[in-house]
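These are my notebook entries on a structure that I am reading for the first time. I record what I looked up, entry by entry.

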Amino acid sequence: MKYRKLGKTGIEISEISLGTWQVGGKWGETFSHENADNILNAAVDAGINFIDTADVYGDGESEKAVGRLVRSRSEKIAVATKCGRRLSPHVNESYTPEALRKFVENSLENMGLETLDLIQLHCPPTDVYYRPEIFELFDRLKEEGKILNMGVSVEKVEEALKAIEYPNVTTVQIIFNMFRQRPAELFFKEAKRRDIGIIVRVPLASGLLTGKFKPDTHFAPTDHRNFNRNGEAFDKGETFSGIDYNLGLEAVEELKNLFPGQENLAPVALRWILQFDEVSCIIPGASKPEHLTSNLQALDIPDLTTEQLAGVKNIYESQIKPLVHQIW
């Protein structure tokens with residue numbers, strides 16, 4: 001495992017880390033703590049020292065599993081969680097310092113921890129980024145010893161650029177992958193200038209970039225890849241990076257031609273992200289230990305060649321960019 005600095009937090013974190021959206025099992029299934037414990041402990045055994053969760057993952061069960069892991073291991077594990085998505089309705093007006101403070105305190109209790117290494121606003125509405133009183137709250141929480149660092153998880157590049165204007169924002173969690181390349185333009189440059197840690201989420205475009213899906217692949221009724229393709233439940237960009245599924249499959253077939261013999265494209269897709277030195281870490285999810293093993297293969301393969309990088313860029317610019325680039 002290799003480690004990178006998480007921006008101005010100063011924390012050295014594993015470049016492949018772990019997102020826990022599905023750590024209790026497949027999306028929509030009953031949360032399995034046995035499954036979560038197996039994945040989390042395997043991750044730490046492999047050298048992963050940064051775990052990202054959220055209070056809404058598994059309705060709090062993911063936080064419980066992460067807290068149990070941290071308390072049971074001797075290794076130093078940095079814990080990041082997120083707050084805000086429990087607000088209903090999830091609109092700007094629902095965001096108040098009082099509500100967010102309660103969420104942070106609930107997360108600490110849920111995990112059995114005294115301090116969070118990183119708390120992140122969880123994809124709030126765009127208007128929230130223009131409210132200094134929301135960001136000021138986290139200075140108070142830091143003074144009280146409840147958090148060490150504050151960050152944001154965003155949907156759009158514009159939100160990321162606004163967030164890093166606040167001095168106490170230390171990290172930005174953003175979707176970035178072969179099918180979502182816009183962050184590498186202006187945002188990466190600005191983040192580097194301000195020493196902002198970049199946490200890459202949805203690195204495999206909801207599994208599309210594994211190369212394992214087909215036109216007749218079945219997703220369960222409770223799986224967001226089935227019910228959220230047009231943004232019915234949350235931001236469309238969370239599901240297959242906002243790309244039409246069949247178009248995505250066509251683009252993946254072209255990617256396979258760039259990497260002949262690579263049955264599983266996931267390690268290649270993750271290696272591509274790691275070639276951007278502005279990135280602090282990637283947080284691919286895992287709903288079973290085998291997914292974790294697949295993700296970690298990215299550490300053992302060489303960097304993409306100049307020709308392969310050019311091929312990925314060409315596929316994006318010809319097939320994907322015209323349809324999604326300016327949306328997120």
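Where is Asp 59 found? I located Asp 59 in the loop between E4 and H2. I note at the outset that this is a predicted model.

**Entry: Asp 59 and helix H2**

I looked up the backbone of Asp 59 and read a positive phi of about 50°, although Asp 59 is not a glycine. I then asked whether Asp 59 is buried or exposed. Its relative accessible area is 59%, over the 50% cut-off, so I list Asp 59 as exposed.

I went on to H2, which covers residues 61-72 and has twelve residues. From its first C-alpha to its last, H2 reaches 17 Å, close to the 16 Å expected at 1.5 Å a residue. I found these residues of H2 buried: Ser 62, Glu 63, Ala 65, Val 66, Gly 67, Leu 69 and Val 70. I looked up what the buried residues of H2 pack against and noted two helices, H1 (33-45) and H3 (97-111), and two strands, E4 (50-52) and E5 (78-83).

**Entry: the loop between E5 and H3**

I looked up Gly 84 and placed it in the loop between E5 and H3. Gly 84 counts as buried because its relative accessibility is 0%, under the 20% cut-off. Which residues does Gly 84 touch, apart from those up to four places away in sequence? I recorded Asp 55, His 90, Tyr 95, Leu 100 and Phe 103. I also checked Gly 84 against Pro 125: they are 41 residues apart along the chain, and their C-alpha atoms are separated by 9.9 Å.

Pro 89 is also found in the loop between E5 and H3. I noted that a cis peptide bond joins Ser 88 and Pro 89, with omega about 5°.

**Entry: aromatic rings**

How many aromatic pairs does the structure hold? I recorded 14 aromatic pairs. One of them is formed by Tyr 129 and Phe 135; this pair is tilted, at 6.5 Å centre to centre and 45° between the planes. I looked up the accessibility of each partner: Tyr 129 is buried, with a relative accessible area of 1%, and Phe 135 is buried, also with a value of 1%.

I also followed a cluster in which ring pairs link Phe 176, Phe 187, Phe 188, Trp 272 and Phe 276.

**Entry: Ser 241 and the start of helix H8**

I found Ser 241 in the loop between helix H7 (224-227) and H8. Phi of Ser 241 is near 55°, a positive value in a residue other than glycine. Is Ser 241 buried or exposed? Its relative accessible area is 0%, under the 20% cut-off, so I list Ser 241 as buried.

I then looked up Tyr 245, which is one of the buried residues of H8. The charged end of Arg 229 sits over the ring of Tyr 245, 4.4 Å from its centre.

**Entry: helices H8 and H11**

I compared the span of H8 with expectation. Its 14 residues should span 20 Å at 1.5 Å a residue, and its end C-alpha atoms are 20 Å apart, which agrees. The buried residues of H8 include Gly 248, Leu 249, Ala 251, Val 252 and Leu 255. What do the buried residues of H8 pack against? I noted H11.

I therefore looked closer at Leu 247, which is buried with a relative accessible area of 17%. Leu 247 lies in H8, residues 245-258. Leaving aside residues up to four places away in sequence, Leu 247 touches Gln 319 and Leu 323. Leu 247 and Ile 320 are 73 residues apart in sequence and 8.4 Å apart in space, C-alpha to C-alpha.

H11 covers residues 306-324 and bends by about 45° at Glu 317. I listed its buried residues as Gln 308, Gly 311, Val 312, Ile 315, Tyr 316, Gln 319, Ile 320 and Val 324. They pack against H8 and against helix H9 (266-274).

**Entry: the UniProt record**

I last consulted the UniProt annotation. The unreviewed entry gives "domain: NADP-dependent oxidoreductase" for residues 15-316. In the model, I read that span as 37% helix and 11% strand, with its end C-alpha atoms 24 Å apart.

Terms used. Residues numbered from 1 in each chain as written. Predicted model: local features only at pLDDT ≥ 70, side-chain atom pairs only at ≥ 80, totals over all residues. Heavy atoms only, no water. UniProt positions renumbered as here; feature names shortened; annotations may be inferred. Helix = DSSP H or I, 4+ residues; strand = E, 2+ residues; numbered from the N terminus. Expected span 1.5 Å × (residues − 1). Buried < 20%, exposed > 50% of the residue type's maximum accessible area, 1.4 Å probe, protein only. Contact = heavy atoms within 4.5 Å. Phe/Tyr/Trp six-rings, centres within 6.5 Å; stacked < 30°, edge-to-face > 60°. Lys NZ or Arg CZ within 6 Å of the ring centre and 35° of its normal. Bend = angle between axes of the 7 residues up to and from the residue.
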